[in-house]
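Reader: Hey, got a minute to walk me through this model? I'd like the overall picture, then a few residues.

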Amino acid sequence: MVSVLQNVAIDCADAYELARFWSRVTGCPLHPEDKPGDPEVQVQLAEGPVLYFNQVPEAKTIKNRIHLCLRPETSREQEVERLLGIGATLVTDRRNPDGSGWAVLADPEGNEFCVLRSESDRAVTTF
């Protein structure tokens with residue numbers, strides 16, 4: 001017997017607004033019954049578990065111990081710029097001159113996530 005991953009839960013101050021941000025990041029819709037002010041909101045990913053946003057009273061205070069890693073369909077550089085344009089912030093730039101590495105960003109509530117190299121970026125870079 002094993003357990004199946006149902007969702008990835010993210011505590012936040014405004015579940016609907018943070019879910020809207022992640023809906024734009026992933027290009028996936030919110031659950032059709034979710035609306036502004038809801039304390040629990042879901043982003044329905046095309047495959048795998050849902051992103052589940054749960055409103056909590058306390059603010060985030062330290063670095064995440066678990067975070068999401070994104071592999072973009074476009075280049076990593078294009079995706080970092082797109083995400084910065086929709087409200088993410090750059091936390092740490094771990095991109096290397098040879099094309100390897102990743103960028104650490106944060107969503108509007110400060111939850112860190114990584115943007116990895118795309119498959120096309122990886123095909124160009126040889127080590």
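**Starting from L51**

Author: Let's begin with one residue: setting aside anything up to four places away in sequence, L51 touches V8, W22, T26, V41, Q42, V43, L45 and L68. Keep in mind that this is a predicted model.

Reader: Okay, and where is L51 found?

Author: L51 sits in strand β3.

Reader: Buried or exposed, that L51?

Author: Buried, because its relative accessibility is 4%, and the cut-off for buried is under 20%.

Reader: How far apart are the C-alpha atoms of L51 and A19?

Author: They are separated by 8.0 Å, with the two positions 32 residues apart along the chain counted as sequence separation.

Reader: Let's zoom out. How many helices and strands are there in the protein?

Author: Three helices and seven strands. Read from the N terminus, the order is β-α-β-β-β-α-β-β-β-α.

Reader: What about the radius of gyration, and what would a compact globule have?

Author: The protein comes out at 16 Å, and a compact globule of 127 residues would be near 14 Å, so the two agree. Along the principal axes, the C-alpha atoms fill a box of roughly 45 × 35 × 30 Å.

Reader: What share of the residues is buried?

Author: Buried residues are 38% of the 127. The accessible surface is about 8,100 Å², and carbon and sulfur atoms account for 53% of that.

Reader: And the contacts, what fraction join residues at least 24 apart?

Author: 50%, taken among contacts between residues at least 6 apart in sequence.

Reader: I care about electrostatics too. How many positive and negative charges are there, and how far apart are their mean positions?

Author: There are 13 positive and 20 negative charges, and their mean positions lie 7 Å apart.

Reader: Now the core. Which residues have the most contacts inside the largest nonpolar one?

Author: W22, V43, F53, L83, L105 and F113, in a core of 24 residues. At least two residues each come from β1 (7-12), α1 (15-26), β2 (40-43), β3 (50-55), α2 (76-85), β6 (101-106) and β7 (112-115).

Reader: Which element gives the largest share of this core?

Author: α1, with seven residues. As background, nonpolar side chains tend to be buried together in soluble globular proteins.

Reader: W22 came up twice. What does W22 touch?

Author: Not counting residues up to four places away in sequence, W22 touches V43, L51, F53, L68, L70, D107 and F113. V43, F53 and F113 are also among the residues with the most contacts inside the core.

Reader: Different topic: where is D38, and is it buried or exposed?

Author: D38 is in the loop between α1 and β2. D38 counts as buried because its relative accessible area is 13%. Beyond its neighbours up to four places away in sequence, D38 touches A15, Y16, E33 and Q55.

Reader: Q55 in contact with an Asp, noted. Which residues does A13 touch?

Author: With residues up to four places away left out, A13 touches Q55, V56 and E109. A13 lies in the loop between β1 and α1, and at 53% relative accessibility A13 counts as exposed.

Reader: How far is A13 from T74, C-alpha to C-alpha?

Author: 31 Å, and A13 and T74 are 61 residues apart along the chain.

Reader: Any histidine worth a look? Where is H67, say?

Author: H67 is in the loop between β3 and β4 (68-70), and at 35% relative accessibility H67 is partly exposed. Leaving out neighbours within four places in sequence, H67 is in contact with E112, F113 and C114. F113 is a residue that W22 touches as well.

Reader: And the C-alpha separation of H67 and K35?

Author: 25 Å, for a pair 32 residues apart along the chain.

Reader: Last one: what's around Q44?

Author: Q44 touches C28, P29, L30, H31, P32 and V50, not counting residues up to four places away in sequence. Q44 is in the loop between β2 and β3 and is partly exposed, at 29% relative accessibility. The C-alpha atoms of Q44 and I86 are separated by 19 Å, with the two residues 42 apart along the chain.

Note on methods
Residues are numbered from 1 along each chain as its sequence is written. This is a predicted model: local features need pLDDT of at least 70, side-chain atom pairs count only at pLDDT 80 or more; totals for chains, interfaces and linings use all residues. Side-chain values use heavy atoms; hydrogens and water are left out. Helices (H or I, at least four residues) and strands (E, at least two) are DSSP runs, numbered from the N terminus. The radius of gyration is taken over C-alpha atoms; the globule rule is 2.2 Å times the number of residues to the power 0.38. Buried means under 20% relative accessible area, exposed over 50%, partly exposed in between (1.4 Å probe, protein chains only). Contact means heavy atoms within 4.5 Å. Accessible areas come from the Shrake-Rupley method with a 1.4 Å probe; for residues, only the protein chains shown count as cover. Lys and Arg count as positive and Asp and Glu as negative; His and the chain ends are not counted. The place of a charge is taken as NZ of Lys, CZ of Arg, CG of Asp or CD of Glu. A nonpolar core is a set of buried Ala, Val, Leu, Ile, Met, Phe, Trp, Tyr and Cys residues joined through side-chain atoms within 4.5 Å.
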